[in-house]
Amino acid sequence: MIYTCYDMIRDCRADRPEGWSYFVSHYVPVIRKLAAHYFPDQPLTGSRTEEILVALRQPQSSLFQSLEPAPERWFVAQLRQRVLAALSAGGADEAELDLDTLGKAMGPLTLLEKQAVWLETMRYTPEQSGVLLRMDPRTVEKIRSKAAELLRAELDNWRRSLLADQGAPLGRAASAAHVEACLPPKAFLDVLDGRTTWYGREELERHVAACWHCIDHFCRLAEVIELLRGLAPLSDEEAEPLRTALGLPRPKKRGLGRWLGA
């Protein structure tokens, strides 16, 4: 029997050991990859990882409350938000740029160009952004140069690294800027998976082009797809101290695996 993300969410919600053991093995690599990208100067220690896992297990974390379409990608998008909040706790950056000013400056840009700009706030290089957006990195560089000039015209205090420096406060502001017209996760996933009709895409773009919450949402889901690519679960030896920190019993081997491991 195949154990799925649906099964894990259900079991973690019920605080069953099998769900949390699966989460440790399969999603700690995600946590490590996020930490390495967003906090490269702060190595994620074993004790810090344990603290994050213990916090995620608390009922108030609400990480396991929703079963959305394409649950793994949506689940990882929610996991990302909680992990970044935990890693940045106590070190909030001062806001030097607000969404209204950014929106005014970026008004002439297309939706795709705004996504390329927003990925700069997420600390993705032109090469990395090109992969996420399926775009030539040289085009990303041209878009960002154009955006830099537009933003400089709106600000008295501007520097080339401003968007990357302001990624955390801008991300928090965008996450909180949800309105009733914002699209559900499935709409973004349909675009990323090539399932959206032309009419559906036009309808989506009309709203998203003026909504930093949805632009952020789209970029985060694109990030998740690449984030999950090629990730391998932890070995039993790597997972064991983390399971111990959560008070989890050693997982039982099932079926043929039990005999092979004997």
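The legends below walk through several views of a predicted model.

**Figure 1. The whole protein is built from helices.** Welcome to the full chain, whose secondary structure comes to 15 helices and zero strands. Its radius of gyration is 20 Å, close to the 18 Å that the globule rule gives for 262 residues, so the protein is as compact as a globular protein of that length. Along the principal axes, the C-alpha atoms fill a box of roughly 65 × 40 × 35 Å. Buried residues make up 44% of the 262. The accessible surface comes to about 14,100 Å², and 53% of that surface belongs to carbon and sulfur atoms. Take the contacts between residues at least 6 apart in sequence: 73% of these join residues at least 24 apart.

**Figure 2. Phe-75 sits among the best-connected residues of the largest nonpolar core.** This core has 79 residues. Which residues have the most contacts inside the core? They are Met-8, Phe-23, Phe-75 and Trp-118. Here we look at Phe-75, setting aside its neighbours within four places in sequence. Among its contacts are Met-8 and Phe-23, two residues also listed with the most contacts in the core. Phe-75 also touches Cys-5, Ile-9, Tyr-27, Leu-63 and Phe-64.

**Figure 3. Ser-61 lies in a loop, yet it is buried.** The loop in this view runs between helix H3 (46-57) and helix H4 (71-87). Is Ser-61 buried or exposed? With a relative accessible area of 15%, Ser-61 is buried, because buried means under 20%. Apart from neighbours within four places in sequence, its contacts are Ala-55, Leu-56 and Arg-82.

**Figure 4. Helix H13 is largely enclosed by the rest of the structure.** Helix H13 covers residues 212-228. Of its 17 residues, 15 are buried, so the rest of the structure largely encloses this helix. At 1.5 Å a residue, H13 should span 24 Å, and its end C-alpha atoms are indeed 24 Å apart. After the helix comes Gly-230, with a positive phi near 75 degrees.

**Figure 5. Cysteines come into view, but no disulfide does.** The structure holds zero disulfides. Why does Cys-214 form no such bond? The closest cysteine sulfur, in Cys-182, is 3.7 Å from the sulfur of Cys-214, which is too far for a bond because a disulfide needs sulfur atoms within 2.5 Å. Cys-219 can be read in a similar way: the closest cysteine sulfur to its own is in Cys-214, at 11 Å, so this pair is too far apart for a bond. Cys-214 is buried, at 0% relative accessibility, and Cys-219 is buried as well, at 1%.

**Figure 6. Helix H11 is mostly covered.** This helix takes in residues 185-192, and seven of its eight residues are buried. Which residues of H11 are buried? They are Pro-185, Ala-187, Phe-188, Leu-189, Asp-190, Val-191 and Leu-192. Beyond the helix, Gly-194 follows with a positive phi, near 75 degrees.

**Figure 7. Two loop residues other than glycine show a positive phi.** Most residues other than glycine have a negative phi. Asp-15 has a positive phi near 60 degrees. This residue belongs to the loop between helix H1 (5-13) and helix H2 (17-38), and its relative accessible area of 40% makes Asp-15 partly exposed. Arg-134 has a positive phi near 55 degrees. Look for Arg-134 in the loop between helix H7 (126-133) and helix H8 (137-152). How accessible is Arg-134, buried or exposed? Arg-134 counts as exposed, at 71% relative accessibility, because exposed means over 50%.

**Figure 8. Two pairs of residues link sequence and space.** The first pair to find is His-26 and Ala-232: they are 206 residues apart along the chain, while 7.4 Å separates their C-alpha atoms. His-26 lies in helix H2 and is partly exposed, with 31% relative accessibility. The other pair is Glu-202 and Asp-100, which are 102 residues apart in sequence and 24 Å apart in space, C-alpha to C-alpha. Glu-202 belongs to helix H12 (residues 198-208). Its relative accessible area of 44% makes Glu-202 partly exposed.

Terms used
Residues are numbered from 1 along each chain as its sequence is written. This is a predicted model: local features need pLDDT of at least 70, side-chain atom pairs count only at pLDDT 80 or more; totals for chains, interfaces and linings use all residues. Side-chain values use heavy atoms; hydrogens and water are left out. Helices (H or I, at least four residues) and strands (E, at least two) are DSSP runs, numbered from the N terminus. Buried means under 20% relative accessible area, exposed over 50%, partly exposed in between (1.4 Å probe, protein chains only). Contact means heavy atoms within 4.5 Å. The expected span of a helix is 1.5 Å times one less than its number of residues. A nonpolar core is a set of buried Ala, Val, Leu, Ile, Met, Phe, Trp, Tyr and Cys residues joined through side-chain atoms within 4.5 Å. The radius of gyration is taken over C-alpha atoms; the globule rule is 2.2 Å times the number of residues to the power 0.38. Accessible areas come from the Shrake-Rupley method with a 1.4 Å probe; for residues, only the protein chains shown count as cover.
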